[in-house]
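Dear colleague,

I am handing over the structure below, which is a predicted model, and I would be glad if you could read it alongside my notes.

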Amino acid sequence: METDDRTLTETGLAPKGQGRILLLACGALAREILDLIKANGWTHMDLHCLPAILHVRPERIPDAVEAAILKHRADYDEIFVVYADCGTGGRLAALCTRLGVEMVAGPHCYSFFEGNAAFAEKDEVDCFYLTDFLVRQFESFIVKPLGLDRHPDLLEMYFGNYKTLVYQAQTDDPALTEKAKAHAAYLGLAFERRLTGYGELVTTLETLR
């Protein structure tokens, strides 16, 4: 399976057609989920990822998830959606309820990586968050979609109300930390690193038997 960041961003990841439970996830979570499947010997799980770039247009996520569920549900005993709300305004949760499938709890991956209760308690409205994947794909998800490569003068408009870039590290990787620091400097923000690991992603997937 191709798990390079460009493929996960633009194409996603096709399922193998093995296992009882299909995890239908965002491409931005592919590496973390594959690592957990391998580390825990979860042979009853298969993984299908939609293109991570859907997050640039979150209104398209529910339709893409629905199409994938309808395409694959006959091949598995269960489908579990590994998306949080992700900017869909409750549409994704409503879709999952209508189709009778469960999904990850929380407003977005930043919340469930840190722990939904802990994240909500912090209420950090002036923080901008990056995960391992987004640190690696900063150009594709931040710079180019916002036009900052063509119009750097827009930086203040987009990020003037933020104070800190919070890097939620899933892995302890010094090279990624240095990249995240450089991204914070580019955006003109203070930098904070939190080693969250997989957070509630792992505890949620552990319940799927």
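Leaving aside its neighbours within four places in sequence, arginine 194 is in contact with Glu114, Lys122, Glu124, Tyr129, Val166, Tyr167, Gln168 and Ala169. Arginine 194 has its place in strand S7, which spans residues 190-195, and because its relative accessibility is 12%, under the 20% limit, it counts as buried. One of its contacts, glutamine 168, deserves a closer look of its own. Glutamine 168 lies in strand S6, residues 164-169, and with a relative accessibility of 0% it counts as buried as well. Its side chain makes a polar contact of 2.9 Å with the side chain of glutamate 114, and glutamate 114 is also among the residues that arginine 194 touches. When neighbours within four places in sequence are set aside, the contacts of glutamine 168 are Cys109, Tyr110, Phe113, Glu114, Phe119, Tyr129, Leu130, Thr131, Asp132, Arg194 and Thr196.

Turning to the sheet, in which order do its strands come? The four strands form an open sheet in the order S2-S1-S3-S4, with parallel pairing, and the edge strands, each pairing on one side only, are S2 (45-50) and S4. Helix H3 packs on this sheet and touches strand S1 (21-26), S2 and S3, while its direction makes about 145 degrees with that of S2.

Within the sheet, S1 and S3 run parallel and are joined by five bridges, and leucine 24 stands opposite valine 81 in S3. S3 and S4 also pair in the parallel sense, over two bridges. Here valine 81 has methionine 103 in S4 as its bridge partner, and phenylalanine 80 has glutamate 102, again in S4. Valine 81 therefore has a place in both pairings, facing leucine 24 as well as methionine 103. Strand S3 is largely enclosed by the rest of the structure, because four of its five residues are buried.

The connection from S3 to S4 can be described next, since S3, H4 and S4 make a right-handed β-α-β unit. In helix H4, residues 91-99, the buried residues are Leu92, Leu95, Cys96 and Leu99. These four cover an arc of only 95 degrees around the axis, which puts them on the same side of H4. The face turned away from that buried side carries the exposed residues Thr97 and Arg98. Among the elements that cover the buried residues of H4 are helix H3 (61-72), strand S3 (78-82) and strand S4 (102-103).

Helix H2, residues 30-40, has Ala30, Glu32, Ile33, Leu36 and Ile37 as its buried residues. The cover over these residues of H2 includes helix H1 (5-10), S1, S2, S3, helix H7 (132-136) and helix H11 (200-205).

Some backbone angles are also worth a look in the model. Glycine 41, which follows H2, has a positive phi near 65 degrees, and glycine 100, just after H4, takes a positive phi of about 75 degrees. Which residues other than glycine have a positive phi? Cysteine 86 has a phi near 55 degrees, and aspartate 123 has a positive phi of about 50 degrees. Cysteine 86 has its place in the loop between S3 and H4, and with a relative accessible area of 12% cysteine 86 is buried. Aspartate 123 lies in the loop between helix H6 (116-122) and strand S5 (127-130), and at 56% relative accessibility aspartate 123 counts as exposed.

With best regards

Technical notes
Residues numbered from 1 in each chain as written. Predicted model: local features only at pLDDT ≥ 70, side-chain atom pairs only at ≥ 80, totals over all residues. Heavy atoms only, no water. Buried < 20%, exposed > 50% of the residue type's maximum accessible area, 1.4 Å probe, protein only. Arc of directions from axis to C-beta. Contact = heavy atoms within 4.5 Å. Pairing = 2+ DSSP bridges. Axes fitted to C-alpha atoms, helices over the stretch in contact; angles between N-to-C directions. Polar contact = N/O pair within 3.5 Å; in protein donor to acceptor, adjacent residues only side chain to side chain. Right-handed = clockwise from strand over helix to strand, strands pointing away.
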